[in-house]
Amino acid sequence: MRAQAQEPVPEKRRSRRFLAGVVCAAVCVFSVFFAVPADAKSDAAAFSVATEETAAWNATLDDYFAGTLNVRVPHTVLSRTPKVLARLLADDGVPAEEMRLVVNKSILDKTLGKTASKFTGEFHHVGETNLRALPAELADPVAVFDSAHGNGDKVVLTTLKDTESGESVIVAVAVATTRGHETVNAVSSVHGRQVGSFRKWMKDGLLRYFHTKKFPQWLDSVGVQNPRAAIPCGNGVLNEKDFADSARDGAKRKNKSPNDGKELRK
């Protein structure tokens, strides 16, 4: 019996198969050389903000811009003090992890330039888009300084810029202050700051935390030569790796089997 001749594969089908092969190869190369390491993903997650927290803050701002925000009560920026601030405050003897991070409507007015600062008389121009990013910026800051006032308050450097001056935006946080019958950490100001302030704060030893990638990049962007050498490390200055290492150690302890190592102890 004569074998039936095989029909030739149409040219378009061969082209599709070739293209699929190229795509698969490209995906493999990308996964090998460009995939984010598991540790990097877990480190980023350690400083992320829960979706419901972001949604709640956006809802608060929606009320503010609609003119319906309650002026008599502080409003939640984050339901708990973020990890970096909580650790720094714990080192200062302030157990702040369970404290809310809040802001009053009057501070929002100043942040958006509706009213002037009572200290300088200047108007700030942070902008709505920047304001909506506040929880994420506080959770994963560029750097954190002790307040120059020496009262234990903190100053958080963000990636945000004043929409008019272009100055880097800081968030001043009043620590363990009372709002009503509750002890909270409160945002006391959000505004752009000149580079000279940061230089002085570093010189005075007020730097408490810096992100090892974002802070040198920020220093470089504001004209600091040899930015890594300019960072005054040591003396208890923390960075994001201190938190990532402890988080991974905690995960390992949590996942460790109760029987691990028992054979060696017999």
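**Entry 1: second largest pocket.** I looked up the lining of the second largest pocket in this predicted model, and I find that its residues divide into 12 nonpolar, three polar and five charged. For this pocket I note a volume of about 430 Å³. The lining comprises 20 residues, and those closest to the centre of the pocket are Arg80, Thr81, Pro82, Lys83 and Glu97. I then asked which element gives the most to this lining: it is helix α4, residues 83-91, with four residues.

**Entry 2: largest pocket.** Turning to the largest pocket, I record a volume of about 1,000 Å³ and a lining of 42 residues, of which Phe119, Ala172, Ser189, His191 and Arg193 lie nearest its centre. I sorted this lining by residue class and obtained 15 nonpolar, 17 polar and 10 charged residues. Several elements supply at least two lining residues each, namely the strands β2 (101-103), β4 (154-161), β5 (168-179) and β6 (182-193), together with the helices α5 (105-111) and α8 (195-203). The largest share, eight residues, comes from β6.

**Entry 3: the sheet.** I traced the strand order next, and I read an open sheet of eight strands, β1-β2-β6-β5-β4-β3-β7-β8, with mixed pairing. The edge strands are β1 (75-78) and β8 (238-239), each of which pairs on one side only. At the β1 edge I checked the pairing with β2: the two strands run antiparallel and are joined by three bridges, and threonine 76 has valine 102 in β2 as its bridge partner.

**Entry 4: helices across the sheet.** I looked for helices lying across these strands and noted two cases. Helix α3, residues 51-66, lies across β1 and β2 and runs at about 145 degrees to β1. Helix α9, residues 214-221, lies across β3 (143-146), β4, β5 and β7 (207-210), and its direction is at about 65 degrees to β4.

**Entry 5: confidence.** Finally I checked how far the model can be read, and I find a mean pLDDT of 81 for the chain, with 75% of its residues reaching 70 or more. Over residues 1-9 the pLDDT stays under 50, and the model has two contacts for this stretch beyond four places in sequence. Over residues 248-266 the pLDDT is likewise below 50, and that stretch has four contacts in the model beyond near neighbours in sequence. Where pLDDT is low, predicted coordinates should not be read in detail, so I leave the coordinates of such stretches uninterpreted.

Technical notes: Residues numbered from 1 in each chain as written. Predicted model: local features only at pLDDT ≥ 70, side-chain atom pairs only at ≥ 80, totals over all residues. Heavy atoms only, no water. 1 Å grid on protein atoms, 1.4 Å probe; cavity = no way out; pocket = protein on both sides within 12 Å on 5 of 7 lines; lining within 4 Å. Points joined across faces, edges and corners; volume = space filled by probe spheres on them. Nonpolar A, V, L, I, M, F, W, Y, C, P; charged D, E, K, R; others polar. Pairing = 2+ DSSP bridges. Contact = heavy atoms within 4.5 Å. Axes fitted to C-alpha atoms, helices over the stretch in contact; angles between N-to-C directions. pLDDT = per-residue confidence, 0-100.
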